[in-house]
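The following exercises introduce a protein model to a reader who has not met it before. Each task is followed by a solution worked in steps.

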Amino acid sequence: MQRRAAATYAAFFALIALAAWAAGSFGLVSNQTGLRWISVLSGITVFLLVALSYLPVRG
């Protein structure tokens, strides 16, 4: 995956994580547990996308 594409996906998942965190923090949604998991999983996805995009490519 190209680094530019990884950065785009990372920004997308970071936005999802931020939106879920904001909705849970400001009481916009009653189901807090689901939003926490969305935030955590999106954050992990951002980290993995950025980390894996810097691995060397074979070939």
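This predicted model exposes about 4700 Å², and carbon and sulfur atoms supply 70% of that area.

**Exercise 1.** Determine how many helices and strands the protein has, and what share of its residues counts as buried.

Solution. Step 1: the secondary structure comes to 2 helices and 0 strands. Step 2: helix α1 covers residues 3-25, and helix α2 covers residues 32-53. Step 3: a residue counts as buried when its relative accessible area is under 20%. Of the 59 residues of the protein, 20% count as buried.

**Exercise 2.** Identify the residues that make the nonpolar surface patch, then classify W37 and V40 as buried, partly exposed or exposed.

Solution. Step 1: the patch is made by W37, V40, L41, I44, F47, L48, L52 and L55, and its area is about 840 Å². Step 2: W37 belongs to helix α2, and V40 is also found in helix α2. Step 3: the cut-off for exposed is over 50% relative accessible area, with partly exposed lying between that value and the limit for buried. Step 4: W37 has a relative accessibility of 54%, and therefore counts as exposed. V40 has a relative accessible area of 42%, so V40 is partly exposed.

**Exercise 3.** For R4, A14 and G34, state the helix that holds each residue and how accessible each residue is.

Solution. Step 1: R4 is found in helix α1, as is A14, whereas G34 lies in helix α2. Step 2: the relative accessible area of R4 is 69%, so R4 is exposed. Step 3: A14 reaches 35% relative accessibility and therefore counts as partly exposed. Step 4: G34, at 27% relative accessibility, also counts as partly exposed.

**Exercise 4.** Compare separation along the chain with separation in space for the pairs R4 and S53, A14 and T45, V40 and A17, and G34 and A20.

Solution. Step 1: R4 and S53 stand 49 residues apart along the chain, while 9.1 Å separates their C-alpha atoms. Step 2: between A14 and T45 the sequence separation is 31 residues, and the C-alpha to C-alpha distance is 8.5 Å. Step 3: V40, one of the patch residues, is 23 residues from A17 in sequence and 7.2 Å from A17 in space, C-alpha to C-alpha. Step 4: G34 and A20 are 14 residues apart along the chain, with their C-alpha atoms separated by 9.1 Å.

Note on methods
Residues are numbered from 1 along each chain as its sequence is written. This is a predicted model: local features need pLDDT of at least 70, side-chain atom pairs count only at pLDDT 80 or more; totals for chains, interfaces and linings use all residues. Side-chain values use heavy atoms; hydrogens and water are left out. Patches are made of residues with over 30% relative accessible area and no salt bridge: like charges are joined within 9 Å, nonpolar side chains (Val, Leu, Ile, Met, Phe, Trp, Tyr) within 5 Å. Accessible areas come from the Shrake-Rupley method with a 1.4 Å probe; for residues, only the protein chains shown count as cover. A salt bridge is a side-chain nitrogen of Lys or Arg within 4 Å of a carboxyl oxygen of Asp or Glu. Helices (H or I, at least four residues) and strands (E, at least two) are DSSP runs, numbered from the N terminus. Buried means under 20% relative accessible area, exposed over 50%, partly exposed in between (1.4 Å probe, protein chains only).
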